[in-house]
Amino acid sequence: MESNIINEKIFDVEKIRNDFPILHQLVHKKPLCYLDNAASTQKPKIVIDSINDFYSTTNSNIHRGVHFLSEKATQKYENTRTTVKNFINAKSEKEIIFTSGTTASINLVAQSFGKKYVNEDDEIIVTYMEHHSNIVPWQILCEEKNVNLRVLPINNNGELILEKFNELITERTKLISVVHVSNSLGTINPIEEIIKIAHQNNIPVLVDAAQSIQHTSIDVQKLDCDFLAYSGHKIYGPTGVGVLFGKEKLLDEMPPFMGGGDMIAKVTFDETTYNELPYKFEAGTGNIAGVIGLGAAIDYVKSIGLEKIHKHENQLLEIATQKVSEIKGLKIIGTAKEKTSVLSFIVENIHPHDIGTFMDFEGVAIRTGHHCTQPVMDFFKIPATSRASFSFYNSLEDIDQFIIALKKTIEALS
Amino acid sequence: MDSELRELYQQVILDHNKSPKNYRIIEHPSHYCDGHNPLCGDTINIYLSIEEGIVKDISFQGSGCAISKASASIMSSIVKGKTIEEVKSIFEKFKDMVTGKLDVDLESMGKLAVLAGVKEFPSRVKCASLAWHTLINAIDKKQDAVSTE
């Protein structure tokens, strides 16, 4: 009960839950307990309305129209760029490129930066806890250009072994691409330190912020990262939209990733000149409604406050961690000192997939599998984990429902 | 427990999961194949001893959920002594049963009928089918490891 009181002080969860229409439903006749937030977050009504409103009142293609709707749509789209810029404190709108998500953002850098700056026998550094989307784009580049991928190891708590970092850096290292928060372990990586070390060696750093942008405030100028990628749908916005931040100087020097409309200044069959930043990297009609929805999501998150969000989610993690620790045969995977609200675990002799199906029948949505981080699973010598990930709209009742369901599941499967 | 869930996780399945039949290695198999399900990380190794077109012995090892392990266990006990043609024909019926394609006569499915509940769980069909796909590849001596993707 004590924790309940602490919880009330941070903010009113019930009030916040009312902003999310999807949360108020029964699944298999049980109240939905949505704990799969690291995979995708739910959308507040204000985001859903903004998309609906765009299609109902403003829909049109952007940038080249001279008519009313096109100008209005362009304005909304570009306003969101400013919202994103301010949210991560970029220097200019030129540094904000809209993509389809984190994966697209990383691929853009791998291909474009790779084409310009990476040559045979060069090296790219990633870490052992990367999502496949921060491994495979580099492997493609490695294959194309005969480049080597080097991997910073982790320890048994699921933390980076930073001491090994200096050993990995050589004069051939061209880029370090590192995940800010691990989606399968919850570990918050010391990216400030990584960036500092990298910059001492004149190596640029890409930060995969897919799992951090929704939990903690990010200031790209303070961090001094060179690239930062994230997805809209992990921060309460729509799917199919994401952001790539890049320092203007780098983006300016990089060649276009895709050719097409909107990314050009002038096209003739003899010669084409490219548009200025950020449009150089936005070929074709983008996800206009999605971008506008992302803007609404960021405004919503800001209105609650990332600090409050962080506190509440930390509390949920702490309580849930303590409660699952009491369950016999259960082992938490990912016990880093610094974590976001991700709780990955395995249970002796019970496969995560079976746990997932049983929990579903208790109304509890968790994720089971390798979470697109197979190297992490290999490191811990496990095929998969069960993962509960908490959002600020989760309540203490959700934790209770989760724990009761988990105990019931284990009992049924033992 | 919910009846749909009970239908999927019948006691027989839980028992096979806990003590699977033919869960061992055949030292010199005439046929062998690895299978894996990238969705959940399940892996299975199937060992066969086929003589004159008849499955004389079969065994498996691997890691997977209760559904995949029970399916492999039941499969191993069913195909032993069958001809290759019979095995393939059972596999076709099994596929139809778990994907809910046809009104399969459950009576005719014998022990395999306990896996009929899978058809209500599209995400688990691959779990139930992995052992079978791997078995067929082993019989056909396909070199590539099986993936359910």
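In this predicted model, Glu123(A) stands opposite Thr173(A), a residue of strand S7(A). Strand S5 (residues 123-127) of chain A is joined by 3 bridges to strand S7 (residues 173-179) of chain A, and the two run parallel; strands, like helices, are DSSP runs numbered from the N terminus, with at least two residues (E) for a strand and at least four (H or I) for a helix. Residues are numbered from 1 along each chain as its sequence is written, while chains are lettered from A and ligands numbered from 1 in the order in which they are written. Because the model is predicted, local features need pLDDT of at least 70 and side-chain atom pairs count only at pLDDT 80 or more, whereas totals for chains, interfaces and linings use all residues.

The wider setting is an open sheet of 7 strands in chain A, in the order S4-S10-S9-S8-S7-S5-S6 and with mixed pairing, where two strands pair if DSSP finds at least two bridges between them. Strand S4 (96-99) and strand S6 (148-152) of chain A are the edge strands, each pairing on one side only.

Helices lie against this sheet. H4(A) packs on it, touching S4, strand S9 (227-231) and strand S10 (242-246) of chain A, contact meaning that C-beta atoms, placed from the backbone, lie within 7 Å. Helix H6 (residues 136-145) of chain A lies across S5, S6 and S7 of chain A.

H4(A) also meets H11(A), through residues including Ala73(A) and Phe87(A) on the H4(A) side and Ile288(A) and Asp299(A) on the H11(A) side.

Terms used
Contact = placed C-beta atoms within 7 Å. Axes fitted to C-alpha atoms, helices over the stretch in contact; angles between N-to-C directions.
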